[in-house]
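Got the viewer open? Here is a short walk through the model, one selection at a time.

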Amino acid sequence: MRPELLARLAENVPRYTSYPTAPHFHPGVGALVYRSWLEALENGDEISLYLHIPYCDRLCWFCACHTKQTRHYEPVTAYLCSLHAEIATIARIVGGKAGVRAVHFGGGSPTMLKPEDMVMLGKALRANFDFLPDAKISVEIDPNDMDDGRLDALAEIGMTRASLGVQDFDPKVQKAINREQSFLQTKAVVDGVRSRGVESVNLDLLYGLPHQTRESVSSTVAQALTLEPDRIALFGYAHVPWFKKHQTMIDQAWLPGPAERFAQSQLAACLMLNAGYEAVGFDHFAKPNDALAVAARTGCLRRNFQGYTEDHCETLIGLGPSSISQFRQGYAQNMSSTAEYGRMVSDGGLAAVRGIALSDDDGVRGWIIERLMCDFAFSAIDLVERFGEAGQRLLLKASSTALRDVEGLLELDGDRFVVPAESRPFVRSVAAKFDKYLETGKARHSVAV
């Protein structure tokens with residue numbers, strides 16, 4: 001990539017797993033609004049559930065998730081009581097109107113739960129919600145947590161996709177991020193979930209980590225490919241020590257610069273493409289027959305708080321502290337403090353404390369950004385057909401303002417606005433600049449990770 005283009009695009013911008021992004025959430029959307037959106041669900045709707053486990057038994061220094069380390073299980077037990085209470089409350093409000101299409105367990109480390117607690121959680125979900133026959137259940141796994149009991153528990157709750165954090169297999173890199181995990185350890189977990197009938201395995205890899213080089217990235221990708229994962233997510237490490245204090249354990253001098261980060265990401269991508277994986281968006285790769293790759297090829301790819309997905313549910317209900325729910329009407333986020341969250345849900349209450357209701361303009365922009373992120377393009381005709389006058393108004397701004405200001409990063413091809421191939425690795429920056437220039441002072445762009 002040309003150095004001047006790299007400099008122009010190598011900036012911290014939102015992940016765009018929502019639009020508007022979380023920095024624009026406000027206290028005006030709280031428990032009462034959240035309840036009204038839950039009550040507005042209609043018979044026959046399909047929903048997804050996200051369960052947040054905000055604990056880890058060790059703290060990885062690269063992590064930017066909402067979690068805390070605990071060496072004792074008592075706080076986890078207390079938290080699970082709160083989570084069960086919230087599940088029951090949400091289910092009463094939804095009232096059986098909606099069927100569950102997908103469930104995602106994230107964290108933190110969901111796999112630090114004792115096997116019996118994971119099984120109880122799975123049973124509680126099925127007792128309170130109506131699961132569709134082909135519902136998908138995915139779990140984020142820390143291989144260091146795993147044993148036969150936990151593997152059996154995940155099989156018992158019906159896990160269909162295992163997502164394993166790898167990051168990098170180089171011992172020097174692992175030590176620098178406090179995430180020591182051998183290849184054989186990872187392989188044992190992959191073999192374990194597959195022997196129990198799990199149909200899909202995802203591996204998370206990172207580039208831009210301390211002491212990481214192109215050689216270590218190449219070696220990590222080569223080892224990961226021997227495990228034949230169905231999907232691979234390739235993320236760039238975001239160094240934000242002002243936001244996550246534990247990242248101060250990583251010396252910034254150990255980090256590769258923008259040019260080296262880009263070289264690492266492109267090397268990893270080439271290795272995966274050469275191995276027969278298909279690119280999905282800007283940071284995922286999947287085997288050609290995987291549902292994610294099929295969605296990308298057919299224009300059905302979506303983006304939500306877990307990243308790229310083939311899940312088409314309009315409603316995602318987040319359970320647990322800091323979890324974000326998505327509705328047709330907007331977004332609602334739970335209290336982040338685990339203790340305060342527990343108090344709020346203990347007597348049948350809801351924990352939503354902030355969010356945002358979507359305006360017509362938000363809906364149009366959100367659709368455009370999702371299509372840029374998923375397809376690297378959007379159609380003006382589709383825009384107007386979908387959003388009518390609101391889409392037409394924004395299209396006029398895009399044609400007269402944004403294309404000029406985002407020159408070289410977005411092109412007009414017939415009725416389609418297209419991100420050129422050279423800029424696609426930085427499509428988030430393209431989307432941010434496009435949004436910013438549409439209407440100065442009113443754009444939802446916020447420079448944040």
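A disulfide here is a pair of cysteine sulfur atoms within 2.5 Å. Keep that cut-off in mind for the opening stop, and remember that this is a predicted model.

**Stop one: the cysteines.** Select Cys 56 and Cys 63. How far is the sulfur of Cys 56 from the closest cysteine sulfur? The gap to the sulfur in Cys 63 is 6.2 Å, so it is too far for a bond. Cys 56 itself is buried, with a relative accessible area of 8%. Now add Cys 81, which is exposed at 54%. The closest cysteine sulfur to that of Cys 81 is in Cys 56, 20 Å away, and that is too far for a bond as well. By this rule the count of disulfides comes to zero.

**Stop two: Arg 231.** Jump to strand β8 (residues 231-236), where you'll find Arg 231. Is Arg 231 buried or exposed? Its relative accessibility is 6%, so it counts as buried. Show the side chain of Glu 310 too: the side chain of Arg 231 makes a polar contact with it, at 3.0 Å. Leaving aside residues up to four places away in sequence, Arg 231 also touches others, including Arg 161, Ser 200, Asn 202, Phe 285 and Asp 290.

**Stop three: the largest cavity.** A search of the whole structure turns up four cavities of 30 Å³ or more. The largest has a volume of about 90 Å³. To see its walls, select Ser 48, Arg 302, Arg 303, Asn 304, Asp 311, Cys 313, Thr 315, Leu 316, Gln 326 and Glu 370. Both β11 and β13 (315-319) supply at least two residues of this lining, and β11 gives the most, with three. Color the lining by class and you get two nonpolar, four polar and four charged residues.

**Stop four: the second largest pocket.** Here about 710 Å³ of space lies in the pocket. Which residues are closest to its centre? Of the 26 that line it, those are Arg 302, Gln 326, Gly 363, Trp 367 and Glu 370. The elements giving two or more residues to the lining are β11 (302-304), α12 (360-375) and α13 (380-405). Highlight α12 in particular: it gives the most, with eight residues. By class, this lining has nine nonpolar, seven polar and ten charged residues.

How values were computed: Residues numbered from 1 in each chain as written. Predicted model: local features only at pLDDT ≥ 70, side-chain atom pairs only at ≥ 80, totals over all residues. Heavy atoms only, no water. 1 Å grid on protein atoms, 1.4 Å probe; cavity = no way out; pocket = protein on both sides within 12 Å on 5 of 7 lines; lining within 4 Å. Points joined across faces, edges and corners; volume = space filled by probe spheres on them. Helix = DSSP H or I, 4+ residues; strand = E, 2+ residues; numbered from the N terminus. Nonpolar A, V, L, I, M, F, W, Y, C, P; charged D, E, K, R; others polar. Buried < 20%, exposed > 50% of the residue type's maximum accessible area, 1.4 Å probe, protein only. Polar contact = N/O pair within 3.5 Å; in protein donor to acceptor, adjacent residues only side chain to side chain. Contact = heavy atoms within 4.5 Å.
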